[in-house]
Amino acid sequence: MGRSGHVLSAAELSALSLPVGDDGIIIGVDSRSRPAVLGIHRPVPFDMVLIGGLWTAQVLALRAVATGARVVVETGRPRLWARLAQAANGGLECMTLHDVGRVPPVGAALGSPVLVVRDCGTRPPRSRVASAPWQPVLTLLPYLSQATHRLVERASLVGVQQISPEEARVVGRILALPEVQAGALPTFAENATLWCTRSARRLVRLVPTDSEVGLLGAPSRLDRTTE
């Protein structure tokens, strides 16, 4: 995958917006270093899809814990989450790991919001735990497959990182992206994500803190370790 710069005009950037407030997780900064904050504590079901890397999903999960949310991770590769969960918990059960299809009821409530992260590969099975009030779901897709087109179409928020030109053409059609944005997807930097709703888009860079780099390493679109 290439690493050349993405292309988006200043006018396009200034027109982009997300359903964000001043309470949530910082999902990145734009070209003017303005933070994009995603509110995950919602009184309605909220489904998110990230077509991207494990590194980004883990940073978002760690930042969700920092907002006071519990994080429930459904994954087929728990070894890659174990160190993060240990660091996030600090003696408490702030982040729990569960095998695919084995997530118990999580008991989300106004005073105890829960972020469910699904790291189940390119063909995630139907989840036993759906999004609900105070219980958003983030599904990580390493790559786009034909089986996940409908999942992307139905999501309230979709994040797209560096993908192949063929995937970019498909994503462009599904999300109705302008040609310049779809064409730029294969050139994204390791930490760049285009976040899209049905009515708006915002391109951001996820800049890690020193502690996040110490725990997870530098930004990476591709997983450094596989099982």
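## Trp134 and Ala176, two loop residues

In this predicted model, Trp134 is buried, because its relative accessible area of 19% falls under the 20% cut-off that the word requires. Trp134 lies in the loop that runs between strand β6 (114-119) and strand β7 (137-141), and its phi is near 65°, which is a positive value in a residue other than glycine.

Ala176 also sits in a loop, the one between α5 (165-175) and α6 (179-184), and although Ala176 is not a glycine, its phi is positive, at about 55°. Ala176 is exposed, however, because its relative accessible area is 53% and exposure begins over 50%.

## The two sides of helix α3

Helix α3 covers residues 79-89, and the residues buried in it are Leu80, Trp81, Leu84, Ala85, Ala88 and Asn89. When the helix is viewed down its axis, these buried residues fall within an arc of 125°, so they line one face of α3. The face turned away from this buried side carries Arg79, Arg83 and Gln86, which are exposed.

The buried residues of α3 are covered by several elements, including α2 (54-66), β4 (70-75), β5 (95-98), β6 and α7. After the helix comes Gly90, which has a positive phi near 55°.

## Glu212 in helix α7

Glu212 belongs to helix α7, which spans residues 210-216, and α7 is among the elements that cover the buried residues of α3. Glu212 is buried, because its relative accessible area is 5%, under the cut-off of 20%. If residues up to four places away in sequence are not counted, Glu212 touches Val59, Leu62, Arg63, Val207 and Gly217.

## The nonpolar cores

In soluble globular proteins, nonpolar side chains tend to be buried together. In this model, the largest nonpolar core has 37 residues, and those with the most contacts inside it are Leu38, Val71, Trp81 and Met95. Helix α2 gives the most to this core, with 9 residues. Apart from it lies another core, of 22 residues, among them Val152, Val158, Ala168 and Val171.

Met95 gives a view of the surroundings within the largest core: leaving aside its neighbours within four places in sequence, Met95 is in contact with Ala61, Leu62, Val65, Val71, Val73, Trp81, Leu84, Ala85, Ala88 and Asn89. Of these contacts, Trp81, Leu84, Ala85, Ala88 and Asn89 are among the buried residues of α3.

Terms used:
Residues are numbered from 1 along each chain as its sequence is written. This is a predicted model: local features need pLDDT of at least 70, side-chain atom pairs count only at pLDDT 80 or more; totals for chains, interfaces and linings use all residues. Side-chain values use heavy atoms; hydrogens and water are left out. Helices (H or I, at least four residues) and strands (E, at least two) are DSSP runs, numbered from the N terminus. Buried means under 20% relative accessible area, exposed over 50%, partly exposed in between (1.4 Å probe, protein chains only). Contact means heavy atoms within 4.5 Å. The arc is that of the directions from the helix axis to the C-beta atoms. A nonpolar core is a set of buried Ala, Val, Leu, Ile, Met, Phe, Trp, Tyr and Cys residues joined through side-chain atoms within 4.5 Å.
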